[in-house]
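Hi,

Here is the structure I said I'd pass along. Have a look at it first, and then my notes below should be easier to follow.

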Amino acid sequence: MIFMPMDIAFIILVLPAIIFAAWAQYRVSSSFKKYSQMPTSNGLTGAQAAKDVLQQAGVTGVTIERIAGDLTDHYDPHTATIRLSESVYDKANVAAVGVAAHEAGHAIQHAEGYSPMKIRSAIIPVTNFGSRFAVPLVIAGFVLGIMGLVHIGIILFGAVVFFQLVTLPVEFNASNRAIATLDGYAMLTVPEVEGAKRVLSAAALTYVGALAISLAQLIRLILLRRR
């Protein structure tokens, strides 16, 4: 978040994006909680689901680990490791299976060289730099009256927005792969697949919300610069 005096651009652009992102976060939390109460009829756990999804895709050499936390699940392409949280790893419910299968979808993307994932990985260094220094540069430029710093900060912030934009197809594709496998290989029943789909759809909205906030902030910065 960029802290500057309240202006019309913040009210019109940024505030609605913040509200949407908060709603999306509520959706994913409530959906996960709801479908955590729906046990899988075949006793399938999160870790087993991830393993089975990888097997059906013919992907080998991926490690599946348990990590601490709640919804801290992720795939690490550097070590080819799926890390599942305590609320997912050994839990035999629809929400856990959906999340685990989604992370397996990322592992499959990596194995297949999925282009959006490769692009996202390539720009991570620039994005990390931009996320740390874009806002300080913009603020310093406005305070000191050095517009060159503002321009550099805006460009760096634009790289962050681009990273979040590329993230969307990566996340949606991983979810689509997960649902297609869970359904196509009858790993879950039809109602269970629908529940997993709702959990992953809610999770995807959080990425849309993050992009909306960043894009609104970027437009606001450009408007402030022109002013």
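To start with something you can check on screen: which residues does Leu54 touch, not counting those up to four places away in sequence? My list has Val59, Val62, Ile64, Ile82, Ala104, Ala107 and Ile108. Keep in mind throughout that this is a predicted model.

I began with Leu54 because of where it sits in the packing: along with Ile82 and Leu182, Leu54 touches the most other members of the largest nonpolar core, which has 34 residues. Two or more residues of this core come from each of helix 1, helix 2 (46-57), strand 3 (81-85), helix 3 (94-112), helix 6 (147-184) and helix 7 (190-226). Helix 3 gives the largest share, ten residues. There is another core apart from this one, made of twelve residues, including Val135, Val138, Val161 and Leu168.

Now the overall picture. The chain has seven helices and three strands, and the order along the sequence is α-α-β-β-β-α-α-α-α-α. Along the principal axes, the C-alpha atoms fill a box of roughly 65 × 35 × 30 Å. Of the 227 residues, 46% are buried. Taking contacts between residues at least 6 apart in sequence, 71% join residues at least 24 apart. The accessible surface is about 11300 Å², and carbon and sulfur atoms account for 64% of that.

A few places to zoom in on:

Ser85. This residue lies in strand 3. Is Ser85 buried or exposed? Its relative accessible area is 0%, so Ser85 counts as buried. A polar atom of the Ser85 side chain lies 3.4 Å from the backbone nitrogen of Leu71. Leu71 is also among the residues that Ser85 touches beyond four places in sequence, and the others on that list are Ile67, Gly69, Asp70, Thr72 and Asp73.

Val193. You'll find this one in helix 7. With a relative accessible area of 6%, Val193 falls under the 20% cut-off, so it is classed as buried. Leaving aside neighbours within four places in sequence, Val193 is in contact with Ile179, Leu182, Asp183 and Leu188. One of these, Leu182, has come up already as one of the residues that touch the most other members of the largest core. If you want a distance to try, Val193 and Val62 are 24 Å apart in space, C-alpha to C-alpha, and 131 residues apart in sequence.

The two alanines. Ala80 has a phi near 50°, which is positive although the residue is not glycine. Ala80 is in the loop between strand 2 (74-76) and strand 3. Ala186 also has a positive phi, near 50°, and lies in the loop between helix 6 and helix 7. Ala186 is exposed, with a relative accessible area of 58%.

The nonpolar patch. What makes up the nonpolar surface patch of about 470 Å²? The members are Ile8, Ile11, Ile12, Leu15 and Ile19. Leu15 is in helix 1 (residues 8-36). With a relative accessible area of 36%, Leu15 is partly exposed. That value is over the 30% required of patch residues, so Leu15 can be counted in the patch.

Happy to go through any of this with you once you've had a look.

Cheers

Note on methods
Residues numbered from 1 in each chain as written. Predicted model: local features only at pLDDT ≥ 70, side-chain atom pairs only at ≥ 80, totals over all residues. Heavy atoms only, no water. Patch = residues over 30% accessible without salt bridge, like charges linked within 9 Å, V, L, I, M, F, W, Y side chains within 5 Å. Areas by Shrake-Rupley, 256 points an atom, 1.4 Å probe, with all protein chains shown as cover. Salt bridge = Lys/Arg side-chain N within 4 Å of Asp/Glu carboxyl O. Helix = DSSP H or I, 4+ residues; strand = E, 2+ residues; numbered from the N terminus. Buried < 20%, exposed > 50% of the residue type's maximum accessible area, 1.4 Å probe, protein only. Core = buried A, V, L, I, M, F, W, Y, C linked by side-chain atoms within 4.5 Å. Contact = heavy atoms within 4.5 Å. Polar contact = N/O pair within 3.5 Å; in protein donor to acceptor, adjacent residues only side chain to side chain.
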